[in-house]
Amino acid sequence: MSISNLRLAKKIVCIGRNYVDHAKELGNAVPGKPILFMKASTALISEGEPIVTPPGCTNLHQEVELAVVIGKLAKNIQKSEAMKYVAGYTVALDMTARDFQDEAKKAGCPWFLAKSFDASCPIASFIPADQIPNPHDVELFCKINGVDKQRARTDLMIFDVPSIIEFTTKFVTLEPGDLLLTGTPAGVCKVNPGDEIEFGITDKISAKFNVK
Ligand SMILES: CC(=O)CC(=O)C(=O)O
Ligand SMILES: [Mg+2]
């Protein structure tokens with residue numbers, strides 16, 4: 001498979017609450033170990049396709065995240081070896097039906113519908129690993145209708161990329177092309193039909209999507 005064709009990802013593994021300010025803005029505890037969930041590959045969309053509000057959702061949020069693209073089969077990988085399994089990066093939105101998530105949290109149920117609905121993972125294009133020598137030294141941004149909503153450096157992550165790979169691959173084999181979304185910084189907010197969301201990694205990459 002071609003690693004640079006991000007639409008061929010089999011799995012999208014996501015980390016939740018990986019930035020202290022984001023955990024706090026939603027009133028969540030700061031986690032002691034990575035919180036993992038998944039999106040289906042049918043969540044992926046590329047520029048030109050709309051973000052579609054799922055039926056019944058009244059509080060759709062954007063979450064800009066650095067995404068790691070896995071380059072080779074990874075199982076039980078130690079932190080010290082982890083970066084050898086990274087083919088590159090992109091930037092993604094973890095679109096979240098926050099009302100569905102709040103309901104699921106109250107009921108102690110999984111976040112599946114809140115996180116994995118169709119078009120819930122808009123992605124930009126592939127950046128080879130050598131163009132981002134240190135993934136913890138870039139700035140993520142997200143603007144809605146031209147107004148800055150999220151802007152943060154990735155050194156604020158609680159769990160860095162090698163720690164995430166080590167933790168994840170204890171439980172789940174990562175395959176070439178799989179995407180690891182590394183969590184969102186503060187600034188998530190409600191988006192509405194007709195909004196334009198522009199997001200990216202400052203001076204590296206950006207993408208624009210419209211909400212339907
Ligand atoms: C509260 C969340 O939705 C967790 C999440 O996805 C994150 O990026 O943090
Ligand atoms: Mg997220």
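Two strands are said to pair if DSSP finds at least two bridges between them. With that term in hand, this report describes a predicted model, beginning with its paired strands and ending with individual residues.

## Strands β10, β14 and β15

Strand β10 covers residues 139–144 and strand β14 covers residues 196–201; the two run antiparallel and share five bridges. One residue pair shows the arrangement in detail: isoleucine 144 has isoleucine 197 of β14 as its bridge partner. Isoleucine 197 also has a bridge partner in β15, namely phenylalanine 209. Strand β15 (residues 205–210) pairs with β14 in the antiparallel sense, and six bridges connect them.

β14 and β15 together form a hairpin, with three residues between the two strands. In this turn, aspartate 203 has a positive phi of about 65°.

In general, the side chains of a regular strand alternate between the two faces of the sheet.

## The protein as a whole

The protein contains five helices and 15 strands. Its radius of gyration is 16 Å, close to the 17 Å given by the globule rule for 212 residues, so the protein is as compact as a globular protein of that length. The C-alpha trace spans about 45 × 35 × 30 Å along its principal axes. Of the 212 residues, 42% are buried. Among contacts with a separation of 6 or more, 76% are between residues 24 or more positions apart.

According to UniProt, in an unreviewed entry, residues 11–203 carry the feature "domain: Fumarylacetoacetase-like C-terminal". This span is 18% helix and 31% strand, and its end C-alpha atoms lie 28 Å apart.

## The six-stranded sheet and helix α5

Six strands make up an open sheet with mixed pairing, in the order β2-β1-β12-β5-β6-β9. The edge strands are β2 (35–39) and β9 (127–128), each of which pairs on one side only. Within this sheet, strand β5 (residues 64–70) and strand β6 (residues 86–93) run antiparallel and are joined by seven bridges. Leucine 66 stands opposite valine 91 in β6.

Helix α5 consists of residues 161–171, and its buried residues are Val161, Ile164, Ile165, Glu166, Thr168 and Thr169. Among the elements that cover these buried residues are β1 (12–16), β2, β5, β6 and β12 (179–181), together with α2 (79–82).

## The surroundings of ligand 1

Which residues surround ligand 1? The shell consists of Cys14, Gly16, Arg17, Asn18, His22, Leu26, Glu63, Asp94, Thr96, Gly183 and Thr184. By character, these shell residues divide into two nonpolar, six polar and three charged.

## Four individual residues

The following table lists four residues with their places and the number of other C-beta atoms around each.

| Residue | Place | C-beta atoms within 10 Å |
|---|---|---|
| Leucine 44 | strand β3 (residues 44–45) | 21 |
| Aspartate 178 | loop between α5 and β12 | 23 |
| Asparagine 76 | loop between β5 and α2 | 10 |
| Asparagine 145 | loop between β10 and β11 (147–153) | 12 |

A residue is buried if 20 or more other C-beta atoms lie within 10 Å of its own, and exposed if 12 or fewer do. Leucine 44 has 21 such atoms and is therefore buried. Aspartate 178, with 23, is buried because it passes the same threshold.

Leaving aside neighbours within four places in sequence, leucine 44 is in contact with Arg7, Ala9, Cys121 and Ile123. Leucine 44 and methionine 157 are 113 residues apart in sequence, and their C-alpha atoms are 24 Å apart in space.

Aspartate 178, with neighbours within four places again left aside, is in contact with Ala9, Lys10, Lys11, Val13 and Ile70. Aspartate 178 and valine 69 are 109 residues apart in sequence, but their C-alpha atoms are 5.9 Å apart in space.

Are the two asparagines buried or exposed? Asparagine 76 is exposed because 10 other C-beta atoms lie within 10 Å. Asparagine 145, with 12 C-beta neighbours inside 10 Å, also counts as exposed. Asparagine 76 has a positive phi of about 50° although it is not a glycine. For asparagine 145, likewise not a glycine, phi is positive at about 50°.

Technical notes:
Residues numbered from 1 in each chain as written. Chains lettered and ligands numbered in written order. Predicted model: local features only at pLDDT ≥ 70, side-chain atom pairs only at ≥ 80, totals over all residues. Near = placed C-beta within 6 Å. Nonpolar A, V, L, I, M, F, W, Y, C, P; charged D, E, K, R; others polar. Helix = DSSP H or I, 4+ residues; strand = E, 2+ residues; numbered from the N terminus. UniProt positions renumbered as here; feature names shortened; annotations may be inferred. Rg over C-alpha atoms; globule rule 2.2 N^0.38 Å. Contact = placed C-beta atoms within 7 Å.
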